Amino acid sequence: MPGPTKAAVSIIYMTTMFLLAINWSAVLLQVGQLLLALSILVVLHEFGHYITAKWFGCRVEKFYLFFDPWFSIVKKKIGETVYGIGWLPLGGYVKIAGMIDESMDKEQLNKPAQPWEFRSKPAWQRLIIMLGGIIMNILLAFVIYAFILMVWGDKKVPASSIKYGVHVVDSTLYKIGIRNGDRILAVNDKPIEDFEKTIRDIFLGDRITVDRGGQIVNLNLPVDLIGQLVENRRKDVSSFLEPRIPALVYYVPDTSTAYKAGLRQNDQIVGVDSTKFQFYDELKNALAGKKNTTVQLSVLRNGNEVSFPARIDADGKIGFAPYMTYQQMDSLGWAKLNIKKYGFFAAFPAGVRKAGQELVFYVDQFKKILNPKTGGYKGVGGFKSMGSIFPKYGWNWEAFWRITAFFSIVLAFMNLLPIPALDGGHVMFTLWEMITGRKPNEKFLEYAQIVGMVLLFGLMLYANGNDWFGWGK
């Protein structure tokens, strides 16, 4: 029997190396956070349909987290409802008797309508049932944001407070005119109140204003900026803009080669061999060509310059962590972190305003995606993109709940779109009935449901394919 070909061996070797290179602990942490967030959102969304259906006397036959084609992970019938967890984590559903949904239960619909069926209820009740999930997601976002504002507060770093300006990571932003050290002041003449929102403001803007060494400079943004940034992001650019920080050592493990070489906390690295610099991005550039070599490292320690040899690893790193969180930057005078905490009663209206702001941002972003000139469609992503938003180096509850609240708003908005198979499609047909007094034919609704499901499946396939293979490129 002939052995494996060289090509097959090469493919196996490359695949093995690729799998070994993946940081599986980080991947599993992000996957776990995504699954937990989606589980919370799906269960509460479906509960909105469930509780309103029960309220109006409809029979709910199934209540599922995730889909269950062929089999369920677990299920239990309580009363007239089967509660379960499916194996396909693409959402969830409640099966309401007498409703044309993804179950496509034609047998039941061929029988005369019963009093406990969805189709026998008045249009206004059916409308409320269909809006129940969306309303639940909106209320959930209000509550999460309210508790975030109570527990962690509203945190903002004014872009104008970034002492040393920005480090331009993405070459597209450099190409349009942003330079290292620029302090970005405004987008479309509106001051940037929070540096964390800088990129998303730029995504939606037409022009930016920067302070470059005391000179005010206005830069026009290209219409297809989003598309260009997405293309660069696929080249493994980790971020777009970062606050520019000095190369000041925050932490160096005492077991590391850097520590043994002489590097200590609060050392400021100012030179590699004959190259002198001030900032952390300059240090990374200086080390990029020094991988697997020994360099002469110069540091400022207690006002004095000290030099010693240090080994650079295969990734071009010394082995230390700089001061880079906003709390650390605030303590050093590199930025101003404003934190405003709310009391119980003030937090809820503030949470409503916060949810409204995030909804407006998402709608504006959605408009960009629909405009082919912006290239926004290139950035449409699926589960991989969603998971990558979560922290990968430790569980952070504040970040988890902020992301979950935003996803709740996104879920509410997307479900309201007038697409058959979504809640918004059912709402559209019900409103038509209420306005005209004519109920759409059930056969028409059946075909519309099929078209909607095919459309949604295609969009999901595109989004996830774009995640992995860059189909929109």
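1. In this predicted model, one helix contact is built as follows: Lys 354, Ala 355, Glu 358, Leu 359, Phe 361, Tyr 362, Val 363 and Phe 366 of H11 meet Arg 402, Phe 406, Ile 409, Val 410, Phe 413 and Met 414 of H13. By class, that contact between H11 and H13 has 11 nonpolar and 3 charged residues, with no polar ones.

2. The geometry of this pair is as follows. H11 covers residues 344-370 and H13 covers residues 397-416. They pack at an angle of about 60°, and their axes lie 10 Å apart. The two helices are therefore oblique to each other. The crossing of H11 past H13 is right-handed.

3. H11 also contributes to a pocket. Of the lining of the second largest pocket, H11 gives the most, with 8 residues. The pocket holds about 740 Å³ of space. Its lining numbers 25 residues, and Lys 190, Lys 197, Arg 200, Asp 201 and Gln 357 lie nearest the centre. Elements giving two or more residues to this lining are strand E3 (154-156), strand E6 (190-191), helix H6 (198-204) and H11.

4. The chemistry of that lining deserves a look. Its residues divide into 13 charged, 9 nonpolar and 3 polar.

5. A second helix pair is H4 (residues 123-151) with H14 (residues 423-436). Their packing angle is about 160°, with the axes 9 Å apart. That makes H4 roughly antiparallel to H14, because angles over 145 degrees count as such. H4 passes H14 in a left-handed crossing.

6. On the H4 side, the contact is made by Ala 123, Trp 124, Arg 126, Leu 127, Met 130, Leu 131 and Ile 134. On the H14 side, Asp 423, His 426, Val 427, Thr 430, Leu 431, Glu 433 and Met 434 take part. By class, the contact of H4 with H14 has 9 nonpolar, 2 polar and 3 charged residues.

7. Now the enclosed space. The structure holds 2 cavities of 30 Å³ or more. The largest has a volume of about 280 Å³. It is lined by 20 residues, and those closest to its centre are Ile 100, Phe 118, Arg 126, His 426 and Leu 445. Arg 126 and His 426 are also among the residues in the contact of H4 with H14.

8. H14 gives the most to the lining of the largest cavity, with 5 residues. Helix H15 (442-469) and H14 each supply at least two. The lining residues of this cavity divide into 10 nonpolar, 5 polar and 5 charged.

Technical notes
Residues numbered from 1 in each chain as written. Predicted model: local features only at pLDDT ≥ 70, side-chain atom pairs only at ≥ 80, totals over all residues. Heavy atoms only, no water. Axes fitted to C-alpha atoms, helices over the stretch in contact; angles between N-to-C directions. Helix = DSSP H or I, 4+ residues; strand = E, 2+ residues; numbered from the N terminus. Parallel < 35°, antiparallel > 145°, perpendicular 65-115°, else oblique. Left-handed = near helix turned anticlockwise from the far one by under 90°. Contact = heavy atoms within 4.5 Å. Nonpolar A, V, L, I, M, F, W, Y, C, P; charged D, E, K, R; others polar. 1 Å grid on protein atoms, 1.4 Å probe; cavity = no way out; pocket = protein on both sides within 12 Å on 5 of 7 lines; lining within 4 Å. Points joined across faces, edges and corners; volume = space filled by probe spheres on them.
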